[in-house]
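Student: I have a structure to look through, and I would like to learn how each label attached to it is justified. Could we go through it together, one label at a time?

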Number of protein chains: 4
Amino acid sequence: MSRERYVHWTPQAVRWGDMDALGHVNNVAYFVYCESARMAFFAALELESYSEGGRQGPALVSASCTFRQQVRHPATLEVGVRVARIGGRSFTLDYGLYRRGEEEPVAEGSSVVVWIDYAAGKALPLPTKLRSALEARAPR
Amino acid sequence: MSRERYVHWTPQAVRWGDMDALGHVNNVAYFVYCESARMAFFAALELESYSEGGRQGPALVSASCTFRQQVRHPATLEVGVRVARIGGRSFTLDYGLYRRGEEEPVAEGSSVVVWIDYAAGKALPLPTKLRSALEARAPR
Amino acid sequence: MSRERYVHWTPQAVRWGDMDALGHVNNVAYFVYCESARMAFFAALELESYSEGGRQGPALVSASCTFRQQVRHPATLEVGVRVARIGGRSFTLDYGLYRRGEEEPVAEGSSVVVWIDYAAGKALPLPTKLRSALEARAPR
Amino acid sequence: MSRERYVHWTPQAVRWGDMDALGHVNNVAYFVYCESARMAFFAALELESYSEGGRQGPALVSASCTFRQQVRHPATLEVGVRVARIGGRSFTLDYGLYRRGEEEPVAEGSSVVVWIDYAAGKALPLPTKLRSALEARAPR
């Protein structure tokens, strides 16, 4: 997916320790990069303002990633986020991970986030304002 | 998926540090647990014996996980592995992560593994003996 | 330091992902192993029962480790803990990390733990019962 | 120790996942930050040019860190490195971790690095040019 599809970007410096015994960035590190991008996107959305004092909030239902190119330290990746789907009680974020100045992603990820009542552990409808904020950032 | 579908099991002790700021096991840790189970399964298959002196071997193409229940430290998970698909140059492993003594998984994962020539970075046909070893462990 | 000096033991299975690009267990992983042992020791001491409803508790002031032997996956380490010092508001724990069946440690660690009031961020005198519990486990 | 004592600086963006279940950056993450700074310092020293084709190189003997202030995500730390000691076969690096724009460190670390023959696993005298490069960066 091309870079222009993504609406929010977070830089992620690859750490030496992100590499594994095969000498390249371990698959697990890509999920850390996506998490960092997701948290930065949530901050940009001011997600906490919809938490009803911390009683509601996002929970990760699933995560996936496709690894297209090997990466080695040192490197800085740019992680793009897009809103791929908005449902009644959940939404899907897609991620594109790119080296600076490159057009082909090194990896592409996706995750489903559900809005839950933490105490009850049950899904809730997305708050109206959150839905609007997501829609404003979703592709048409 | 029920436990009997899995053909290889690896215990994974949850570490205190696997928890995140939300006080439960972080999504990234599940991919570590699946990796540990995959590596133990590869060792059981004697995968290294097919590596032509380290020139060929497995590379992860994609990974995914669905999170069904929250887990907190202390806990020990049992990670089951099954061969879900055997292709010409790749195969798919599925994972089921369970608490001891429980029948409902806390998470389910999957990953696609391609057999590559490391120097050329190109996919190779699965070695015949590896294919046989995988088929012997695949469900009928 | 010989094994009999340690009063509490925690097994730690080395994960494949604990290895770094040099093909051995990364230095950072040893601090994770010591943390796991410390948390298990705290649980054995029932440390939470002294927390005054979560308002007080332990905070790490410093940590150190000396690496004596390289370790590679697969391996299981046994991490011994001893109470090396009991002060007015803090105590020191020492750790010995051994391979099963071996007498020479692969690493030795130490950490200083202070008892604090979390809201005030200030050190408090060790609760009397915690002091007694530590003394009962300290070498004579 | 004041900032001007350090001769090499590496920025380290705190990742959300660096926080633990207590809601602040976990002690283990500081050792990752120091490792990142050490590797960047080694690159600046062109350490690999002394490796005799990868047969010799640095090995970590010990690491320590004192934690002075709690850190939460989001934050970017600046990690300073100084050459604290140059011995015959080893040297000591000290680290200072600071928030941007602050003069009081959030943590201070140290590590002893020995120069070894990897195959033999034995310490070697520091290469003359490496010694000179270290001395050029050591405080007078």
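Student: What makes A:Glu46 count as exposed?

Tutor: This is a predicted model, and the label comes from counting neighbours in it. A residue is exposed if 12 or fewer other C-beta atoms lie within 10 Å of its own. A:Glu46 has 11 C-beta neighbours inside 10 Å, so A:Glu46 counts as exposed. Its place is in the loop between helix 1 (27-44) and strand 2 of chain A.

Student: What is the sign of phi at A:Glu46, and what kind of residue is named for comparison?

Tutor: Phi of A:Glu46 is near 55 degrees, which is a positive value in a residue other than glycine. Most residues other than glycine have a negative phi. In chain B, phi of B:Glu46 is likewise near 55 degrees, and B:Glu46 is placed in the loop between helix 1 and strand 2 of chain B. B:Glu46 has 11 C-beta neighbours inside 10 Å and therefore counts as exposed.

Student: Why is the peptide bond from B:His73 to B:Pro74 called cis?

Tutor: The label rests on the angle omega, which is near 0 degrees for the bond from B:His73 to B:Pro74. Most peptide bonds are trans. B:Pro74 is found in the loop between strand 2 and strand 3 (76-86) of chain B. The bond from D:His73 to D:Pro74 is also cis, with omega near 0 degrees, and D:Pro74 is found in the loop between strand 2 (56-67) and strand 3 (76-86) of chain D.

Student: How do you know whether the radius of gyration of chain A agrees with that of a compact globule?

Tutor: The value for the chain is set against a rule that depends on the number of residues. With 140 residues, a compact globule would have a radius of gyration near 14 Å, and chain A has 16 Å, which agrees. Taken along the principal axes, the C-alpha atoms of chain A fill a box of roughly 45 × 35 × 20 Å.

Student: Which helices and strands make up chain A, and in what pattern do they follow one another?

Tutor: Chain A has two helices and six strands, and along the sequence they follow the pattern β-α-β-β-β-β-β-α. Among the contacts in chain A with a separation of 6 or more, 70% are accounted for by residues 24 or more positions apart. A residue is buried if 20 or more other C-beta atoms lie within 10 Å of its own, and buried residues make up 39% of the 140 residues in chain A.

Student: What makes strand 2 of chain A and strand 2 of chain B a pair?

Tutor: Two strands pair if DSSP finds at least two bridges between them. Strand 2 (residues 56-67) of chain A and strand 2 of chain B have five bridges, in the antiparallel sense, so the requirement of at least two is met. Within this pairing, A:Thr66 stands opposite B:Ser62 in strand 2 of chain B.

Student: How many residues does each chain give to the contact between chain B and chain A, and which elements of chain B take part?

Tutor: The contact takes 13 residues from chain B and 13 residues from chain A. On the side of chain B, helix 1 (27-44) and strand 2 (56-67) are the elements that give two or more residues, and strand 2 of chain B provides the largest share, with eight residues. By kind, that side of chain B divides into eight nonpolar, four polar and one charged.

Student: Why are chain B and chain C described as related by a two-fold rotation axis?

Tutor: Chain B can be laid on chain C with an RMSD of 0.0 Å by a turn of 180 degrees and a shift of 0.0 Å along the axis. The two copies are thus related as by a two-fold rotation axis. Of the residues of chain B, B:Ala13 comes closest to this axis, at 3.8 Å (C-alpha).

Student: How do you know that chain B and chain C meet through the same surface?

Tutor: The two lists of interface residues are compared, and 100% of the interface residues of chain B are also interface residues in chain C, so the copies meet through the same surface. Eight residues of chain B are in contact with eight residues of chain C, and helix 1 of chain B gives the largest share of the chain B side, four residues.

Note on methods. Residues are numbered from 1 along each chain as its sequence is written. Chains are lettered from A and ligands numbered from 1 in the order in which they are written. This is a predicted model: local features need pLDDT of at least 70, side-chain atom pairs count only at pLDDT 80 or more; totals for chains, interfaces and linings use all residues. Two residues are in contact if their C-beta atoms, placed from the backbone, lie within 7 Å. Ala, Val, Leu, Ile, Met, Phe, Trp, Tyr, Cys and Pro count as nonpolar, Asp, Glu, Lys and Arg as charged, and the others, Gly among them, as polar. Copies are superposed by least squares on the C-alpha atoms of residues with pLDDT of at least 70 in both. The radius of gyration is taken over C-alpha atoms; the globule rule is 2.2 Å times the number of residues to the power 0.38.
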